[in-house]
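Got the viewer open? Here is a short tour, one selection at a time.

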There are 2 protein chains.
Amino acid sequence: MLDVLRHVHLHPQTTRAELARDLGLSRGSAAEILARLRALDLVEETAAEPTGARGRPTRTVRRHERGPVVAAVDVSYESWRLAVAHLGGGLEPLRRERYGGQPAEDVLARISQALREARTAFGPRLRAVGVSMPGTVSGGRLVESATIGWRDVEVAERLRIAPVPVVIGNDATMAGVAEARRGAATGADVALHVAVEVGVGGVVLEHGRATTGSTGAGGEFGHLPFGDPDRPCPCGAHGCWDLEVDGRALARILGAPPPAAPRSAADAVLRRAGEGDPAALAAVDRVARNLGRGIGGLVNALDPRIVTLSGVAAALLDQAGDSVRAAYLSGLMRFRRHDPPPLIRAAFPRDGSLRGAAELAFDTVLSEAGLDSWRADVRPADARPAPETA
Amino acid sequence: MLDVLRHVHLHPQTTRAELARDLGLSRGSAAEILARLRALDLVEETAAEPTGARGRPTRTVRRHERGPVVAAVDVSYESWRLAVAHLGGGLEPLRRERYGGQPAEDVLARISQALREARTAFGPRLRAVGVSMPGTVSGGRLVESATIGWRDVEVAERLRIAPVPVVIGNDATMAGVAEARRGAATGADVALHVAVEVGVGGVVLEHGRATTGSTGAGGEFGHLPFGDPDRPCPCGAHGCWDLEVDGRALARILGAPPPAAPRSAADAVLRRAGEGDPAALAAVDRVARNLGRGIGGLVNALDPRIVTLSGVAAALLDQAGDSVRAAYLSGLMRFRRHDPPPLIRAAFPRDGSLRGAAELAFDTVLSEAGLDSWRADVRPADARPAPETA
DNA sequence: GCGATTATGCTCGTGAGGCGATCATAATAG
DNA sequence: CTATTATGATCGCCTCACGAGCATAATCGC
């Protein structure tokens with residue numbers, strides 16, 4: 001039953017016959033399971049459009065109009081977004097606000113307010129909240145963010161509305177989940193996502209499942225030792241890879257002071273390089289090599305089938321792809337070079353973290369416990385109007 | 001049923017009552033499942049020794065005398081071992097041979113011969129073979145071994161006897177499995193094992209499951225970029241961590257030529273350091289710091305709950321623990337320092353890889369498919385004598 | 001010793017969930 | 001219009017686990 005529901009979530013445009021084949025279910029079982037899912041307001045079935053093939057036409061399976069939804073929050077540099085996701089992964093943007101410079105408490109209060117409004121609008125259909133934060137997340141807390149400067153902020157508890165689960169994760173982790181499930185790494189058994197914004201984030205995904213370590217802080221690849229052991233990193237360690245591949249690295253190589261907004265600084269240098277500025281070109285090339293070499297090491301250590309890149313990493317792949325790839329190849333162990341995991345641009349450069357947050361939130365819905373609680377809420381089977389979004 | 005069998009495997013000295021409690025089974029289910037397992041010659045039950053407590057005494061559950069076994073092979077520097085493991089993890093050594101310098105084909109032929117003898121002795125009770133190799137394993141092949149010099153050797157196919165599955169893995173991976181399931185990292189949700197012999201190997205384990213990447217070559221942490229980008233590594237890359245923490249590093253720091261047997265060379269330097277030789281002490285200290293710093297980076301990236309160390313890494317922890325730990329702490333991101341994952345000596349410094357190979361081999365037995373095939377072999381229920389080891 | 005207490009094993013009815021066979025149905029092919 | 005084809009619907013069957021009630025084997029207290 002869960003398998004069927006998860007399959008519908010991952011393949012929203014499927015038919016009953018296809019579904020039974022993909023999951024190896026008999027037609028009898030499929031009929032029974034789908035009847036149960038229909039009774040629970042989880043899916044709807046309608047006659048499929050004629051395919052022109054012989055035989056009795058199958059039925060399409062779609063999410064139910066009043067099925068469960070989750071809220072997804074993406075906090076990024078100077079703005080945050082809230083969206084609602086339906087079964088199948090469809091996103092419905094609800095709100096976006098800029099918050100330049102406000103303290104964490106105020107921003108979280110605004111987000112919490114927006115979540116409560118969503119709860120009012122969707123009622124018990126809202127089953128979970130997923131939150132993406134631009135920094136290191138450990139045990140439900142944002143322990144440190146180089147991007148927005150927050151430090152040790154209790155996010156999960158702060159955004160808990162009603163009794164629904166709150167899932168919080170690093171933005172690169174979330175984006176990696178989105179890539180692995182519906183993006184550029186779909187179907188890969190093991191995928192590596194590498195995101196460069198301020199520093200390097202990333203995640204390893206096994207069959208779409210993020211391996212985030214024991215406290216959820218896994219994937220901080222930027223804080224592997226890489227460069228000058230005397231160069232201090234804001235994280236407290238020294239010589240972190242972080243410092244060699246982002247806007248700070250570009251500025252340092254160009255002899256400029258440390259930028260306040262490393263991501264925009266990186267974009268500016270990349271633009272200048274695109275216009276042919278030799279100093280910028282040299283800096284971009286050097287950083288591209290640092291990126292490629294580091295990714296090579298990660299591939300050696302983690303053995304992914306594919307590597308997806310986003311943010312500055314994707315831009316470097318576009319503008320200095322040869323340098324990235326050359327350093328990548330020469331950083332690989334020899335036996336890997338004849339068939340290296342490809343470096344691919346992320347499919348969701350803009351809203352990967354939001355999508356990933358929605359995916360992880362939906363994971364709690366598409367679980368034994370999530371299904372039980374939905375059953376309990378739906379069982380009274382009375383006409384609950386459940387106000388749709390106007 | 002599988003859950004019960006796995007529980008027996010992991011807790012060989014359990015009782016029926018304990019088992020039912022741990023797995024949340026009703027007494028009825030436990031009775032039924034154990035009856036089935038008994039009928040399949042998988043477990044035996046006997047009256048438990050009196051505990052002195054009130055109530056009807058429970059029964060002990062043990063592996064069946066003629067239950068399934070797996071063969072475990074551990075190939076290491078200049079010698080290999082073969083053992084047989086029973087349900088519960090008990091090892092029964094069968095053979096050990098030295099093979100200094102012989103070509104891979106000859107050594108594999110000897111091992112294959114020993115496996116066939118085991119097959120003859122145990123008959124259909126032998127269900128799987130696990131093989132630990134001292135080098136990089138990818139897709140069933142040993143692609144490269146700095147320790148024994150083999151290169152691109154098809155091991156899995158070469159050691160296939162009869163139709164039983166063959167599982168092959170890197171020695172550090174295998175040892176990590178053993179630590180996570182029955183050793184120093186038992187119970188950890190996420191564990192990191194780091195082994196230094198020739199170079200660095202390791203593995204991340206989630207609930208005892210090794211994350212070995214898409215081809216099985218994951219865990220080659222030694223080939224992360226770490227040191228001098230101009231120093232070539234035999235692997236083909238440059239500046240690998242490998243080169244900074246083993247016997248080669250110690251020799252280089254001491255101005256000695258590259259040792260032929262880096263592991264023994266490391267032991268020699270450690271011995272001299274233990275005797276107070278100042279040059280050796282300085283070299284050991286430097287290498288200890290390289291080790292600690294690298295582990296710090298790995299912990300940042302992978303977020304384990306515990307780190308187990310074996311080989312030279314364990315020796316360094318013994319002899320230069322302060323240096324290892326200091327470098328480890330200063331390599332950690334600041335938020336981790338107040339409660340860093342502990343660095344622990346491996347519980348199985350001698351036979352971790354052998355134990356791990358047995359564990360992974362047993363995983364194939366304790367699976368749906370493995371159980372089905374055992375059922376098919378046992379069902380005829382005739383008195384199959386199945387010669388026990390004399 | 002002997003009943004009371006306690007923890008466990010054993011048996012059996014129940015229910016969930018999936019499989020496969022069979023029949024019914026809705027499309028196309030000729 | 002009939003044959004063919006693929007699917008949906010229904011039903012009996014099987015497996016597996018649960019949980020209630022009874023049986024059993026130990027200790028405790030007298």
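Helices here are DSSP runs of H or I with at least four residues, strands are runs of E with at least two, and both are numbered from the N terminus. This is a predicted model, so local features need pLDDT of at least 70 and side-chain atom pairs count only at pLDDT 80 or more, while totals for chains, interfaces and linings use all residues. Residues are numbered from 1 along each chain as its sequence is written, chains are lettered from A and ligands numbered from 1 in the order in which they are written, and side-chain values use heavy atoms, leaving out hydrogens and water.

**Stop 1: DNA strand D**

Select DNA strand D and the residues near it (a heavy atom within 4 Å of the strand). You should get 25 residues, with Gly55(A), Thr58(A), Ser29(B), Arg36(B) and Arg54(B) coming nearest. On the DNA side, sugar and phosphate make up 66% of the strand D atoms that come within 4 Å of the protein.

Now colour by secondary structure. Helix 2 (16-23) and helix 3 (27-39) of chain A, plus helix 3 (27-39) of chain B, each put at least two residues into this surface. Helix 3 of chain B has the largest share, five residues. By class, the surface near DNA strand D holds six nonpolar, nine polar and ten charged residues; nonpolar covers Ala, Val, Leu, Ile, Met, Phe, Trp, Tyr, Cys and Pro, charged covers Asp, Glu, Lys and Arg, and the others, Gly among them, are polar.

Next, zoom in on some polar contacts (pairs of N or O atoms within 3.5 Å; within protein, one must be able to donate a hydrogen and the other to accept it, and residues adjacent in sequence count only if both atoms are side-chain atoms). Start at Ser29(B), where a side-chain N or O atom is 2.3 Å from a phosphate oxygen of DNA strand D. Thr58(A) has a polar side-chain atom 2.8 Å from a phosphate oxygen of strand D. For a base, go to Arg56(A): a polar backbone atom there is 3.0 Å from a base nitrogen of DNA strand D.

**Stop 2: DNA strand C**

Which residues come nearest to DNA strand C? Among the 25 around it, they are Ser29(A), Arg54(A), Arg16(B), Gly55(B) and Thr58(B). Helix 3 of chain A gives the most to this surface, with five residues. Click on Ser29(A) to find a polar side-chain atom 2.4 Å from a phosphate oxygen of DNA strand C, then on Arg21(B), whose polar side-chain atom is 3.2 Å from a phosphate oxygen of strand C.

**Stop 3: where the chains meet**

Superpose chain B on chain A by least squares, using C-alpha atoms of residues with pLDDT of at least 70 in both. A turn of 180° with a shift of 0.0 Å along the axis does it, at an RMSD of 0.1 Å. That is how a two-fold axis relates its copies. To find the axis from chain B, pick Phe226(B), its closest residue, with the C-alpha at 2.5 Å.

Then show the contact (heavy atoms within 4.5 Å). It takes 49 residues from chain B and 49 from chain A. The copies meet through the same surface, because 100% of the interface residues of chain B are also interface residues in chain A.

Finish on Arg209(A) and Glu206(B), which form a salt bridge with their closest N and O atoms 3.8 Å apart; the rule asks for a side-chain nitrogen of Lys or Arg within 4 Å of a carboxyl oxygen of Asp or Glu. Across this interface it finds two salt bridges.
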